[in-house]
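Q: Got a minute to walk through this one with me? I'd like to get my bearings before going back to the bench.

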Amino acid sequence: MALGAVLLTGCQLPTFGAFRGNTSQGQSAFHLWQGFFIAGLVVGGFVFVLILYVVLRYRRRSDDIPRQSQYHTVTEIIYTVLPILTVIGLFIATVIVENEVTAVEPHPYTEVHVFAFQWGWEFQYDNGVRVIGQTTSAPTLVVPSNQTVRVYLRSYDVLHGFYVPQFNFSRYASPGYWTSFDMNVLDTGVYRGQCTQLCGLYHSLMFFNVRAVPSGQYQTWLRTTRAFQLAHPNSIGQLPAGVHANINGSAPSYSGNSGNTGNTGGALPGD
Amino acid sequence: MTDVIEPTATQLDVQPRGPDGHEPHGAHEDHGPTGILKWLTSTDHKVIGLSYMITSIVIFYLSGIMAMFLRLQLASPHSSLLSFSQYNSLFTMHGALMLYLFAGPFAFGGLANYIVPLQVGAPDMAFPRLNALSYWLYLTGSITMLMGFFVAGGAAQFGWVFYAPLSSATYSPGAGPDVFLMGIALTGFSAIFTGVNLCGTIFYLRAPGMTMFRMPIFTWNMLVTAILILIAFPVLTAAVVMLFCDRHFGTHIYTAVGCHFVNGLPMHSCGSPLLFQNLFWFFGHPEVYILALPFFGIVTEILPVFSRRPVFGYKGMVFATMAIAALSTGVWAHHMFTTGAVLLPFFSFLSLLIAVPTGIKFFNWIGTMWHGQLSFKTPMLFSLGFLFAFLMGGVTGIMLASPPIDFFTHDTYFVVAHFHQVLFGTAVFAGFAGVYYWYPKMFGRMLRDGLGKAHFWLTFIGFWITFTPQYIVGLLGMPRRVASYPSNLGWQSYNIVSTVGAFMIASGFAVLLYNFYISWRKPIPAGDNPWDGHTLEWFTTSPPPHHNYTHLPPIRSERPTWDYNHPEHLTLPHGRGAHTNGHNGKNGKNGKGGNGKKAEVGV
């Protein structure tokens, strides 16, 4: 009950260190985080105070031998049943939010296939547009805001992790099978993403960006980029104007990506 | 009745039984070779146990030094201290050494080997030669794994979990990964043999009167751990063998070779990288409890002794341990929530459910101290440190058991902080509580309490300084296993604090080394029972003689030494009751009942 109330009023609570979530799925996860954090504070705080109390209250004051009692059935039942009830409450909240986060719409607005490889990302759009990044340049996944985007994810080689911190979400890109999820990005903007699953030597440098634009701009971008890539058939995945190669000598280095959109696959209208 | 009982009146004469059926000799008689030859050839569980502990503590220090390099690297965003491949090797070996070669072998190879036969009143382990084989396999495996640093291409770089297909010959060529896998197979067999040995010892070599429900909790936990080892390690060994076949014999068990990308259509005749994760974590999650239960046991030995109380809710404690073990075999896929290929609610619920028996243990520990007379000697301080550390690690563990939260914390520093708090809480705080607690028994000399307290406070404060910032930086999105990170995201300050804390911990362990040194150079005799211990091992001499006991006290509860020394303060019967003077009339030869409750009263 308390947890449900917490979930409802979640927006007014502190973030407890997590991102609020810039997708509708991420916001659900964020509210669950708030609930769990408060539950953790209450339970953890209670046990912490109890230990501290015992340590201070029962420090040795004499050489007397204390009572040698070993069982107290009522207490034991209480501290077995209460955690079970707590766990059931946490589980119900988990299932509710989990269903929101992993739900897939039957008719998403657009679909994008994301391929991970050592050490970069490739984004394939429905109309044939391909954007390929590499260790030395972070590619940008352009998506429409306030629309359902279906992401199909897999890997060309080893395991990778598709992780956008501000979306409160990550998913393995694995060789051998597809995995998919929906995201509804609520606000336009550029969000940094990074590989989270160890994938070899340059795992640390496997960045990408997600750029959310209004759906009109998104359609325009898809068309112009497609036209460019058709006009340059030998450079599939290569970029039209507005490319930032971002290569710094032999040793790959990458310092941040706020404001650095990397390979957008083409200039965005309004850029 | 506070009269001192004449030892001869109550002692139950027990002829030590030779484990192989041969007639034991006099207990104080020295057997066989001495010096280095003794350490090389002994089948005595105490010598093997010490060998295990010394080896694993050396590995702990090695691995700790690696951790210092990792922390130094992360203190600045683009450090050039280590190359990417060096960094990847170091965190791989740091994790592998700590998990495969320190925490487990220290607990079930070292402490359990030494303590369990003493606690159940046995002269040795059930299979002494198998026990020696376990140790030599462990040592060989450890050296094999460390050899990775000296082969061409360097040590393995795929993380301690060696996920396929990163660990395949394609993506991790060279001998480094091979010796890594060999090391795991060898130490895996060592663990399996020790598991067999512990089960045999506990089931068959208990002294008369030592019924199952009179066994100390440490022994109980080691029994459950041994069973978990027998469930989990064969799966790991099988997974390693299959990976080795993939690497060298052309099989494609874990590789997605043969898979084709045709417009995103599913492909045929593929190996399954996901299979590796399932197999690995079917070992890996029981392994987490293989690394936790022994240390729970240590704490459950220490808290009663330094509170002068019996374990509160003894039977609940035993059942909680069994419940944790049973649940631990059904939660492996909570490491795989983000694969998108597991049934989330099932694994989430079972994972959350582990909080219940763990909570019971916490309340039992608190109940043990309740109304006690707490003395804060070093072992007690480390045990309390464990309680606080494990509490934090446990609470964040519950958060991670919820898939939507795991989605954004998985593989970030949040998880790094979580499992370090859990494992540091158990293997380090509880583990070194055990070292301080049993060192007097093993060597007949004390560790300095003042130095021990300095060690504790440096470690305890350093612990929080190290790992708390890692939670925060993890929530900000810092992934684990990165050798560099963007400089403009505000992560560096947290990493610097974490590095400072790590060096504080290291300084604590320098103090421990000095403590060992000074106890070796200027020994303070410990006597047989310096802590007023409860369990059987405190009844014999320090260090114990060759076959452990020449005689035993009557065993009528789970703390025979306490009953012997405090016959007027026996454990009260179930339920309420004022101070009663239990009689010490019967000498406990009627140790046949499975239900020890009536006998515990001692009427």
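What follows is a chat about the two chains, their contact and a few helices.

Q: First off, where does this model come from, and what are its ipTM and pTM scores?
A: It's a predicted model. The scores are ipTM 0.87 and pTM 0.88.

Q: What's the mean pLDDT for chain B?
A: It's 88 for chain B, and 88% of the residues there reach 70 or more.

Q: Which stretches of chain B have pLDDT under 50?
A: One is residues 1–28 of chain B, where pLDDT stays under 50. The model still has 52 contacts beyond four places in sequence for that stretch. Another is residues 575–603 of chain B, also below 50, with 54 contacts in the model beyond near neighbours in sequence.

Q: How should I treat the coordinates where pLDDT is low?
A: Don't read them in detail there.

Q: OK, chain A. What's in its secondary structure?
A: Four helices and ten strands. Going from the N terminus, chain A opens with three helices, runs through the strands and ends on a helix: α-α-α-β-β-β-β-β-β-β-β-β-β-α.

Q: And how much of chain A is buried?
A: Buried residues are 45% of the 271 in chain A. As for contacts in chain A with a separation of 6 or more, 73% are between residues 24 or more positions apart.

Q: Now the contact between the chains. How many residues does each one put in?
A: Chain A puts in 75 residues and chain B 86. On the chain A side, α2 (24–57), α3 (73–102), β6 (160–164) and β7 (169–173) each supply at least two residues.

Q: Which element of chain A gives the most to that side?
A: That's α2(A), with 14 residues.

Q: What's the mix by class on the side of chain A that touches chain B?
A: That side has 40 nonpolar, 27 polar and eight charged residues.

Q: Switching to chain B: how is it divided?
A: Into domain 1 (41–258 + 267–291), domain 2 (323–525) and domain 3 (527–603). Where domains 2 and 3 of chain B meet, domain 2 contributes seven residues and domain 3 five. The domain 2 side of that contact has five nonpolar, one polar and one charged residues.

Q: Tell me about α13 in chain B. How far does it reach?
A: Helix α13 of chain B covers residues 378–400, 23 residues, and reaches 33 Å from first C-alpha to last, close to the 33 Å expected at 1.5 Å a residue.

Q: Why call α13(B) largely enclosed?
A: Because 21 of its 23 residues are buried, α13(B) is largely enclosed by the rest of the structure.

Q: What about α5(B): which residues are buried there?
A: Among them are Pro128(B), Tyr135(B), Tyr138(B), Gly141(B) and Met145(B). The cover over the buried residues of α5(B) includes α3 (45–74), α4 (84–119) and α6 (175–204) of chain B. Helix α5 of chain B itself, residues 128–146, reaches 27 Å, close to the 27 Å expected.

Q: Last one, Tyr314(B). Where is it found?
A: In helix α10 (residues 314–328) of chain B.

Q: Is Tyr314(B) buried or exposed?
A: Buried: Tyr314(B) has 28 other C-beta atoms within 10 Å, and 20 or more is the cut-off for buried.

Q: So what does Tyr314(B) touch?
A: Leaving out residues up to four places away in sequence, Tyr314(B) touches Gln70(A) and Glu558(B). Tyr314(B) and Glu558(B) are 244 residues apart in sequence, yet 9.0 Å apart in space, C-alpha to C-alpha.

Note on methods
Residues are numbered from 1 along each chain as its sequence is written. Chains are lettered from A and ligands numbered from 1 in the order in which they are written. This is a predicted model: local features need pLDDT of at least 70, side-chain atom pairs count only at pLDDT 80 or more; totals for chains, interfaces and linings use all residues. Two residues are in contact if their C-beta atoms, placed from the backbone, lie within 7 Å. Ala, Val, Leu, Ile, Met, Phe, Trp, Tyr, Cys and Pro count as nonpolar, Asp, Glu, Lys and Arg as charged, and the others, Gly among them, as polar. The expected span of a helix is 1.5 Å times one less than its number of residues. A residue is buried if 20 or more other C-beta atoms lie within 10 Å of its own, exposed if 12 or fewer, and partly exposed in between; C-beta atoms are placed from the backbone. Domain bounds come from an automatic or database domain assignment. pLDDT is the predictor's confidence in each residue, from 0 to 100.
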